[in-house]
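Hi everyone, thanks for making the time. I'd like to walk you through one model today, so please have the viewer open and follow along.

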Amino acid sequence: GVDSMAATLAVEQAQLASRYGVPSNEYAFFNGSGGGDTQAVTRAVTQFLAQMRKSAHFDTYFDALPILGTDGSLAFVKDYAADPSLAGATGQVRAKTGTNIGATDAGLLLKGQAFGGYIRTKSGRVLNYVLVVNNAPVADIDAVAQVFQDEGTISAILWRDY
């Protein structure tokens, strides 16, 4: 029912507060892309994820998330599988990724690289989780890909140990 970005963001802000309990001071959205200067504190994201689990639409939402080691932006994240104790995490981690890279006088800066979603652990629990790397100097895109691999390994450790 709105026709501008500002009005859309206002509706989104109201929905995040009323439906998901996410206070507006815990995030800053500037457009619909999720990139650029968009920010959210970890608590806001985990609150949203927890409330989504209670939603009638959770199964559809869960099924739409990229799967570690299998598809989407997590298809290439497979380094963790070299450890036999972690290999079983394939298919058990579903997470939306987010990447924000900027240029500085010294080179590239990984302003943010995040996984946010759910882990069905080896013990059968379902974890809501957010894993974030902020403000990391990186040499090139290969270094960014290594951050994805490291986050995949941490995700697999959470799968195994919880």
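**Strands, helices and a few residues**

Let's start in the sheet: Leu110 has Ala136 as its bridge partner in strand 5. Before going on, a word on where this comes from: the model is predicted, so local features need pLDDT of at least 70 and side-chain atom pairs count only at pLDDT 80 or more, while totals for chains, interfaces and linings use all residues. Residues are numbered from 1 along each chain as its sequence is written, and side-chain values use heavy atoms, with hydrogens and water left out.

When I say helix or strand, I mean DSSP runs numbered from the N terminus: H or I with at least four residues for helices, E with at least two for strands. Two strands pair if DSSP finds at least two bridges between them.

Back to strand 5, then, which covers residues 126-138. Strand 4 and strand 5 are paired in the antiparallel sense, over twelve bridges. You can pick out further rungs: Gly116 stands opposite Val130, and Tyr118 has Asn128 as its bridge partner. How many residues lie between the two strands of this hairpin? There are five between strand 4 and strand 5, and in that turn Gly124 has a positive phi of about 100°.

On the other side of the story we have strand 3, residues 93-104, and strand 4, residues 107-120. These two run antiparallel and are joined by twelve bridges. Val93 has its bridge partner in Ile119 of strand 4, and Gly102 is partnered by Leu109. This hairpin has two residues between its strands.

Put together, that gives an open sheet of three strands in the order 3-4-5, with antiparallel pairing. Strand 3 and strand 5 are the edge strands, each pairing on one side only. From one strand to the next, the twist averages 10°. As general background, strands of a sheet pair through backbone hydrogen bonds, either parallel or antiparallel.

One residue in the sheet is for the Ramachandran fans. Asn135 has a positive phi of about 50° although it is not a glycine, and its place is in strand 5. Is Asn135 buried or exposed? At 54% relative accessibility, Asn135 counts as exposed; the scheme is buried under 20% relative accessible area, exposed over 50%, and partly exposed in between, with a 1.4 Å probe and protein chains only.

Now, what packs on the sheet? Helix 2 lies across strand 4 and strand 5, running at about 155° to strand 5. Helix 4, residues 141-161, packs on the sheet too, touching strand 3, strand 4 and strand 5, and its direction makes about 25° with that of strand 4. For those of you who like the details, axes are lines fitted to C-alpha atoms, for helices over the stretch in contact, and angles run from 0 to 180 degrees between N-to-C directions. Contact itself means heavy atoms within 4.5 Å.

Let's move to the helix pair. Helix 1, residues 5-20, and helix 2, residues 42-53, pack at an angle of about 60°, with axes 10 Å apart. That makes helix 1 oblique to helix 2, since angles under 35 degrees count as roughly parallel, over 145 as roughly antiparallel, 65 to 115 as roughly perpendicular and the rest as oblique. Which residues make the contact? Helix 1 brings Leu16, Arg19 and Tyr20, and helix 2 brings Gln47, Phe48, Gln51 and Met52.

Gln51 is worth a click. It is found in helix 2 and counts as partly exposed, at 21% relative accessibility. Leaving aside neighbours within four places in sequence, Gln51 is in contact with Arg19 and Tyr20. Gln51 and Tyr20 are 31 residues apart in sequence, and their C-alpha atoms are 5.6 Å apart in space.

Last stop: Met5, in helix 1. Met5 is partly exposed, with a relative accessible area of 41%. From Met5 to Phe30 there are 25 residues in sequence and 8.5 Å in space, C-alpha to C-alpha. That's my tour, and I'm happy to take questions!
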